[in-house]
Amino acid sequence: MPQIPDNVRGARFIGWGTSLGHTTVTNDDLSKTMDTNDEWIRERTGIHRRHIGGSTAEMSIASGRAAIEMAGIDPLTIDALVLATTTPDRTVPATSATVQHALGLRCGAFDVNAACSGFVYAMITAHGLIAMGSQRILVIGTDSLSRIVDWTDRNTAILFADGSGAAVLERTTGHGQMLGWDLDADGSAEEILYSEVGGFVHMDGKEVFRRAVRIMVDSAQKSMAAAGVTADQLNVVVPHQANIRIITSACDKLGVPMEKVAVVVHETGNTSSASIPLALFGDFGQVRAKDGDLVLMVGFGAGMTAASAVVRWNAQ
Ligand code: COA
């Protein structure tokens, strides 16, 4: 378990933004084209509606631009763009290249694919770049999963959707916000959730569910141990928004009451790399955390990846 050195160059969030797919699709809309219904979807997943439409670059540009505007900085002062996505617009080049150009950045840009753990992977990578001397990094998590969903498959079509969340991280004096982190993957579970290049998502929902709770709890506990904090000290928990039953089960095992948990899955569905920033920054105008709060972010996804981080919120 990596320990952050005391003399690390730390970072903090100075701006953020979000974006959703442009078309709202309700559960009733889905029930017109497949054998499902609103009551079943709400009960089994917690999802009421989702938003689809828009490319990964379009949504990333919208959320990235909002984050830069909120930070009030010149885009030329950004030293790198890290875009977490599992649905790039092209195989080559990385979608981050399109976004870098559109936002007027002159810096390194690369994609990170860690499925639904992607934003936390990208955020930890950005902290590493800042520890190595970068001043400002733009981190974006975006997915346009509607393009890889078979819209006749009720097993997956009810779950997945499109969205984006972005944050500008800036070097700060002292240790900064990151207190502990964990990255994990288990490629032996590849077959339970995958999409071939150009194909649709295939999923063994029950097996994903079973493993998801375990790996979320495991990763969160590793981050908390690295940070030297216990669950009762957390103020806000921001889990990957896949299914409300996975969220409640994992938080119950962690000993975190639901009033501390950021939930937007009812509105967004599962937006993969965008899900954690949408829950943290896009809670319909409200940022969940206030200065001084201890925030745990924890994601899991295909791969099967898991990633978590404990940060001390310090955005002012
Ligand atoms: N609408 C209506 N009924 C459905 C349905 C749907 N979309 N999908 C399945 N059913 C029916 C089944 O046919 C079954 O009926 P039966 O009892 O008469 O045989 C019943 O509902 C239960 O099906 P089951 O597959 O056992 O449902 P479940 O409780 O496992 O829920 C998921 C299915 C997909 C919602 C759930 O397994 C899940 O959320 N898994 C995790 C997926 C996930 O998070 N993936 C992304 C990870 S990043």
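**Group meeting: a serine in a loop, two buried elements and a ligand site**

Okay, let's start with S273, which sits in the loop between α9 (265-268) and α10 (275-281). Bear in mind throughout that this is a predicted model.

So, is S273 buried or exposed? Its relative accessibility is 1%, and the cut-off for buried is under 20%, so S273 counts as buried. What does its side chain touch, then? There's a polar contact of 2.7 Å between the side chains of S273 and D143. A polar atom of the S273 side chain also lies 3.4 Å from the backbone oxygen of A115.

Next up, helix α5, residues 118-131. Quick sanity check on the geometry: with 14 residues at 1.5 Å a residue, α5 should span 20 Å, and its end C-alpha atoms are 20 Å apart, which agrees. Now, how much of α5 is buried? The count is 10 of the 14 residues, so the helix is largely enclosed by the rest of the structure. Among the buried ones are F119, Y121, M123 and H127, and also G118 and I130. After α5 comes G133, which has a positive phi, near 120°.

Over to the strands. Strand β11 covers residues 236-239, with V236 and V238 pointing one way and V237 and P239 the other way. All four of those side chains belong to buried residues. β11 runs parallel to β12 (residues 294-301), and four bridges join them. Which residue of β12 is the bridge partner of V236? That's V295.

Now the part you've probably been waiting for, the ligand. There are 23 residues around it, and the ones that come nearest are T36, R44, G205, K206 and N243. Let me go through some polar atom pairs. N243 has a polar side-chain atom 2.7 Å from a ligand oxygen. For R154, a polar side-chain atom lies 2.9 Å from an oxygen atom of the ligand. With G205 the backbone is involved: one of its polar backbone atoms is 2.9 Å from a ligand nitrogen.

How much of the ligand does the protein cover? On its own the ligand has 960 Å² of accessible area, and the protein covers 72% of that. As for where the shell comes from, α2 (38-45), α7 (205-227) and α8 (244-254) are the elements giving two or more residues. α7 gives the most, with four residues. And if you're thinking about the chemistry of the site, the shell splits into 12 nonpolar, six polar and five charged residues.

That's my tour, happy to pull any of it up on screen.

Methods:
Residues numbered from 1 in each chain as written. Predicted model: local features only at pLDDT ≥ 70, side-chain atom pairs only at ≥ 80, totals over all residues. Heavy atoms only, no water. Expected span 1.5 Å × (residues − 1). Buried < 20%, exposed > 50% of the residue type's maximum accessible area, 1.4 Å probe, protein only. Pairing = 2+ DSSP bridges. Near = heavy atom within 4 Å. Polar contact = N/O pair within 3.5 Å; in protein donor to acceptor, adjacent residues only side chain to side chain. Areas by Shrake-Rupley, 256 points an atom, 1.4 Å probe, with all protein chains shown as cover. Nonpolar A, V, L, I, M, F, W, Y, C, P; charged D, E, K, R; others polar.
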